[in-house]
Amino acid sequence: MAEGEPARGLLFDKPAGVTSHDVVAEIRRERGGKVGHAGTLDPFATGLLLILLGRATRMQRYLLELPKTYVATARLGWRSSTGDPDGELEETGRIPERFELPTGEIEQRVPMTSAVKVDGERLYKKAHRGESVETPTRRVTIHRAELIGSDTERATFEIECSSGTYIRTLVETLEDAYCESLRRTAIGELRVPEGGEVEISVEELMEFLPERPLDAGEAIAVGHGRPVPEPFDVPPKHVRLTHDGRLIAVARVDGENLQPEVVIA
């Protein structure tokens with residue numbers, strides 16, 4: 001993919017058993033050019049992987065902040081060393097009295113299996129060597145955690161949460177339970193596609209941001225990185241700058257102006 005070609009997004013339904021890196025590498029071999037993604041899925045997890053093609057890779061920082069929606073099934077009466085089916089499993093037979101996950105703003109401890117760096121090294125690499133360290137905590141928001149099915153062995157939830165939430169850790173709040181299966185169904189308003197994958201424009205990717213249409217002169221100025229006046233009564237954090245329906249740039253509020261932060265066209 002040449003740098004001059006349009007920036008695109010790819011809604012990809014990741015299967016279980018492969019890493020997000022594997023998917024990106026395969027698409028890069030098939031298409032060439034720059035390829036990235038906006039939010040990792042664990043190997044056991046399935047569902048929406050948002051692939052960024054060409055200049056759309058510049059939009060990653062904004063897309064990573066979008067809320068996520070998952071369907072997670074908890075295996076009850078069991079514990080896992082990693083919180084998922086890939087760890088060492090132990091049957092306890094203890095079933096939670098209530099199938100209820102916390103909602104609102106909560107504090108989570110980052111699991112040892114995560115890609116977060118501690119002392120310059122990713123935690124999962126330490127875990128693979130059998131090391132255990134004090135991991136950091138982070139504040140996340142669980143917007144919704146709805147029980148959609150249960151029996152004596154499993155409970156399935158639909159969860160809408162902020163970026164950075166560890167669903168395995170959330171499921172472990174049921175105590176003797178681990179996340180047996182996990183499927184991401186949405187990132188913001190973008191839904192997992194039917195049929196495996198769907199390609200979309202960068203304009204569709206960035207529709208979640210407020211829009212500031214530009215006239216022809218402003219579009220040329222923004223293309224050269226120059227600011228334009230900020231017209232919002234309540235200024236948002238970031239704004240997409242468009243001309244004739246085409247995304248020109250993403251800008252941040254800088255006083256009374258919108259300063260282009262990432263220029264696409």
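At the start of helix 6, which side-chain oxygen reaches to the backbone nitrogen of Gly-217? In this predicted model, the oxygen belongs to Asp-215, and the separation is within 3.1 Å.

**Helix 6 and the sheet**

Helix 6 spans residues 216–223 and lies across strands 15, 16, 17, 18 and 19, running at about 70° to strand 18. Within helix 6, Glu-218, Ala-219, Ala-221 and Val-222 are buried. These residues are on the same side of helix 6 because the arc they cover around the axis is only 165°. The cover over the buried residues of helix 6 includes strand 15, strand 16, strand 17, strand 18 and strand 19. After helix 6 comes Gly-225, which has a positive phi near 85°.

The sheet itself is open and consists of five strands in the order 15-17-18-19-16, with mixed pairing. Its edges are strand 15 (211–213) and strand 16 (228–229), each of which pairs on one side only. Strand 17 (residues 238–243) and strand 18 (residues 246–254) run antiparallel and are joined by six bridges. Arg-240 has Val-250 of strand 18 as its bridge partner.

**Ile-51 in strand 3**

Ile-51 is found in strand 3, which covers residues 46–53. Is Ile-51 buried or exposed? Ile-51 counts as buried because its relative accessible area is 0%, and a residue needs a value under 20% to be so classed. Leaving aside residues up to four places away in sequence, Ile-51 touches Arg-8, Gly-9, Leu-10, Phe-12, Val-23, Val-24, Ile-27, Val-35, Gly-36 and His-37. Ser-20 is 31 residues from Ile-51 along the chain, and the C-alpha atoms of these two residues are separated by 9.6 Å.

**Cysteines**

How many disulfides does the model contain? The count is zero. The sulfur of Cys-161 cannot form such a bond because the closest cysteine sulfur, in Cys-179, is 11 Å away, whereas a disulfide requires the two sulfur atoms to be within 2.5 Å. Cys-179 is likewise in no disulfide, its nearest cysteine sulfur being that of Cys-161. The table sets out the two residues.

| Residue | Nearest cysteine sulfur | Relative accessibility |
|---|---|---|
| Cys-161 | Cys-179, 11 Å | 0%, buried |
| Cys-179 | Cys-161, 11 Å | 0%, buried |

Terms used. Residues are numbered from 1 along each chain as its sequence is written. This is a predicted model: local features need pLDDT of at least 70, side-chain atom pairs count only at pLDDT 80 or more; totals for chains, interfaces and linings use all residues. Side-chain values use heavy atoms; hydrogens and water are left out. Buried means under 20% relative accessible area, exposed over 50%, partly exposed in between (1.4 Å probe, protein chains only). Two strands pair if DSSP finds at least two bridges between them. Helices (H or I, at least four residues) and strands (E, at least two) are DSSP runs, numbered from the N terminus. Contact means heavy atoms within 4.5 Å. Axes are lines fitted to C-alpha atoms, for helices over the stretch in contact, and angles run from 0 to 180 degrees between N-to-C directions. The arc is that of the directions from the helix axis to the C-beta atoms. A polar contact is a pair of N or O atoms within 3.5 Å; within protein, one must be able to donate a hydrogen and the other to accept it, and residues adjacent in sequence count only if both atoms are side-chain atoms.
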